Amino acid sequence: MFLRRLLPDAFTLTLLAVVLIATLLPASGQVAVAFEWITNLAIALLFFLHGAKLSRVAILAGAGHWRLHLLVFTCTFVLFPVLGLLLKPLLAPLIGTELYLGMLYLCALPATVQSAIAFTSLARGNIPAAICSAAASSLLGIFVTPLLVALLMGVEGANGSTLDAIGKISLQLLLPFVLGQIAQRWIGGWVTKNKSWLKYVDQSSILLVVYTAFSAAVIGGLWQEVPLVTLLALVLACCVLLALALLLTHLLGKWLGFNLEDRITIVFCGSKKSLATGVPMAQVLFAGGSIGLLILPLMLFHQIQLMVCAVLAQRYARRPEQEAVDGQTAS
């Protein structure tokens, strides 16, 4: 079971296959333009379905735990960027300027939704609070991430200003999400009933963005810029960043007096970064440029965080029931 948790899942293997296809058969010319249009439509559908399946009742159930949410948001949008900046003397010489910018972009992203909630549930943490924190982080990211990108990377979106970038992201990501929330009363039950196969819509949109991005990057000489030694160094950089995030979220939760269930939620919601949001957002924020190098750290970090958090969640889940009760009443 332990070794199986460390192996890449089917989606990760598919992701690697798409990168390989983009390397061997990159889209160019009118084909690339067509893929860009299809990708934008798929991203809109992705966020529409996110809105349609996100339960407002579940969000309201955990919304009152404001101290926990504040700490999660601080870890996601303050702690990570600070770590990215502090690690610059180590990372920039190790992986190069372009990939370091990708690490900064990773640090500016919101937390995951599905996997953060799933790991919190597996570890017997505070699930309603996890749902609220993860969902709110994803929505806040639409506004906060462009500001952080402009602050950390000096990038101000395709049209020349941070406000333009926020407006474009709101149109392409937030508007479909809001429409999905409005449509939830009619299609919410159908979406919940069919979520087992609707997840492929999420995955397909990410795969389309990755293929389009890596096609442009390969044509621009991506693999000449990222030799195997640099790729291994990038894996090490992602491991260091994740280890620091997990350690600090754990310690902050303990120092601030949260009970065990809440600390589990803080660890899994405050230490993770969203591939599902980060890849489409990069498509919007860095439109007109090559995003292959920028999303490569995110792709690696995504898989590493899944493997590490799966093992960590199993460890939490094996704790005795009485320990869970004691942890809940500790504060």
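Q: Which residues make the nonpolar surface patch of about 620 Å²?
A: The structure is a predicted model, in which local features need pLDDT of at least 70, side-chain atom pairs count only at pLDDT 80 or more, and totals for chains, interfaces and linings use all residues. Residues are numbered from 1 along each chain as its sequence is written, and side-chain values use heavy atoms, leaving out hydrogens and water. A patch joins residues with over 30% relative accessible area and no salt bridge (like charges within 9 Å, nonpolar side chains of Val, Leu, Ile, Met, Phe, Trp or Tyr within 5 Å), where a salt bridge is a side-chain nitrogen of Lys or Arg within 4 Å of a carboxyl oxygen of Asp or Glu. The members of this nonpolar patch are L171, L175, V178, L179, I182 and W186.

Q: Is V178 buried, partly exposed or exposed?
A: V178 sits in helix α10, which covers residues 162–193; helices (H or I, at least four residues) and strands (E, at least two) are DSSP runs numbered from the N terminus. Buried means under 20% relative accessible area, exposed over 50%, and partly exposed in between, with a 1.4 Å probe and protein chains only. Because its relative accessibility is 36%, V178 counts as partly exposed.

Q: What share of the accessible surface of the protein chain belongs to carbon and sulfur atoms?
A: Of the 331 residues in the protein chain, 52% count as buried. Accessible areas come from the Shrake-Rupley method with a 1.4 Å probe, and for residues only the protein chains shown count as cover. The accessible surface comes to about 15,100 Å², and the share belonging to carbon and sulfur atoms is 70%.

Q: Which helix gives the most residues to the largest nonpolar core?
A: A nonpolar core is a set of buried Ala, Val, Leu, Ile, Met, Phe, Trp, Tyr and Cys residues joined through side-chain atoms within 4.5 Å. The largest one has 90 residues, of which M103, Y105, V210, F214, L241 and F286 touch the most other members. With 13 residues, spanning positions 292–317 of the chain, the leading contributor to this core is helix α16.

Q: How many residues does the second, separate core have?
A: The secondary structure of the chain comes to 17 helices and zero strands. L49, V191, L198 and V201 are among the members of the second, separate core, and its number of residues is five.

Q: How many disulfides does the rule count?
A: A disulfide is a covalent bond between the sulfur atoms of two cysteines, and here the test is a pair of cysteine sulfur atoms within 2.5 Å. C107 is buried, at 1% relative accessible area, and its sulfur is 9.5 Å from the closest cysteine sulfur, that of C238, which is too far for a bond. C238 is buried at 0%, and its sulfur has its closest cysteine sulfur in C239, 7.0 Å away, again too far for a bond. The number of disulfides is therefore, by this rule, zero.

Q: How far apart are the C-alpha atoms of L300 and V235?
A: L300 lies in helix α16, and, leaving out residues up to four places away in sequence, L300 touches L231, L234, V235 and C238. Contact here means heavy atoms within 4.5 Å. Although L300 and V235 are 65 residues apart along the chain, their C-alpha atoms are separated by 6.6 Å.

Q: How far apart in space are Q303 and T12, C-alpha to C-alpha?
A: Q303 is placed in helix α16 and counts as buried, because its relative accessibility is 11%. In sequence, Q303 and T12 are 291 residues apart, while in space their C-alpha distance is 7.1 Å.

Q: Is I219 buried or exposed?
A: I219 is found in helix α11, residues 195–219. Not counting residues up to four places away in sequence, I219 touches P26, A27 and S28, and its C-alpha is 7.1 Å from that of P26, which is 193 residues away in sequence. Because its relative accessibility is 51%, I219 counts as exposed.

Q: Where is R124 found?
A: R124 has a positive phi of about 60° although it is not a glycine. With a relative accessible area of 22%, R124 is partly exposed. Its place is in the loop between α8 (114–122) and α9 (127–153).
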